[in-house]
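Here are some short exercises on side chains, each with a worked solution. Have the sequence and the model open as you go.

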Amino acid sequence: MPDHSVYGKGWPALPLWSAKFTVENYVRQIGLPATFVYAGIYNNNFTSLPYPLFCMELKSDGSFEWKAPFHPDVPLPWLDAEHDVGPAVLQIFKDGPRKWSGHRIALAFQLLTPRQLCAAFSRGISRPVTYTRGAIEIKVPIPSGYRAQLDGISVLFGQHQAPYFGPDLQAPDEALGLWEGYRGIEEYAREVFPVEEQVNGLTWML
């Protein structure tokens, strides 16, 4: 994943990403053939449990609200971790190092603003879903390292509206060249989100 601080734009480094960037640089320095997959935001992050950043809060009227620091009209990259990472990475292995060695791949299949995502989510679950821009709410205990990551996300993407993958990578064309059968956010919301919620002990879908 990128270290946004290297671009000279006053962007902070996200601690959980900059460590991966350090590993990438080391792998390049020792000449090990490798491909670097930069993952977009997982559809599967969403939950109505009170976890920070991707909580789809269930309201008293049966609707959902997603509250996050992202600008409502700036696109973000999305992919389904369960459905799409495996086939895309498998295709990279099939193509081999002659095609992909040393290459960075922005793995995301949809670019959606928070407003667009909530509209698609609403179609999927047949309930109103709204987006509210606001500070990340911490309602459960989290590790200190993750708290630092969340604070960085608020600044990097909330205040600076920096490009998610950095200025050098774009999605989704390369990802779609690897795997066209992706599961979009509307399909995820319709077919997977209620199942995951029920497994987590929630009953709103019954």
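Trp 11 is a good warm-up: with a relative accessibility of 12%, it counts as buried, because buried means under 20% relative accessible area, exposed over 50%, and partly exposed in between (1.4 Å probe, protein chains only). A word on the ground rules: this is a predicted model, where local features need pLDDT of at least 70 and side-chain atom pairs count only at pLDDT 80 or more, while totals for chains, interfaces and linings use all residues. Residues are numbered from 1 along each chain as its sequence is written, and side-chain values use heavy atoms, leaving out hydrogens and water.

**Exercise 1. Classify the pair of Tyr 7 and Trp 11.**

Step 1: recall the rule. Rings of Phe, Tyr and Trp (its six-membered ring) pair if their centres lie within 6.5 Å; planes under 30 degrees apart count as stacked, over 60 as edge-to-face and the rest as tilted. The structure holds 21 such aromatic pairs.

Step 2: apply it. The ring centres of Tyr 7 and Trp 11 are 6.1 Å apart and the planes stand at 65 degrees, so this pair is edge-to-face.

Step 3: check the surroundings. Tyr 7 is partly exposed, at 24% relative accessible area.

**Exercise 2. Do the same for Phe 109 and Tyr 182, then place both in the fold.**

Step 1: with 5.6 Å from centre to centre and 15 degrees between the planes, Phe 109 and Tyr 182 are stacked.

Step 2: Phe 109 sits in the loop between β6 (104–107) and β7 (110–112), and Tyr 182 in the loop between α6 (173–178) and α7 (185–191), so the pair ties together parts 73 residues apart in sequence. Here helices (H or I, at least four residues) and strands (E, at least two) are DSSP runs, numbered from the N terminus.

Step 3: Phe 109 is buried at 3% relative accessibility, whereas Tyr 182 is partly exposed at 30%.

**Exercise 3. How many disulfides does a search of the whole structure find?**

Step 1: a disulfide is a pair of cysteine sulfur atoms within 2.5 Å.

Step 2: the search finds zero. For Cys 55, the closest cysteine sulfur belongs to Cys 118 and is 12 Å away, too far for a bond.

Step 3: look at their cover. Cys 55 is buried, with a relative accessible area of 15%, and Cys 118 is buried too, at 2%.

**Exercise 4. Which residues form one aromatic cluster?**

Solution: Phe 46, Phe 54, Phe 64, Trp 66, Phe 70, Trp 78, Phe 121, Tyr 131, Tyr 188, Phe 193 and Trp 204.
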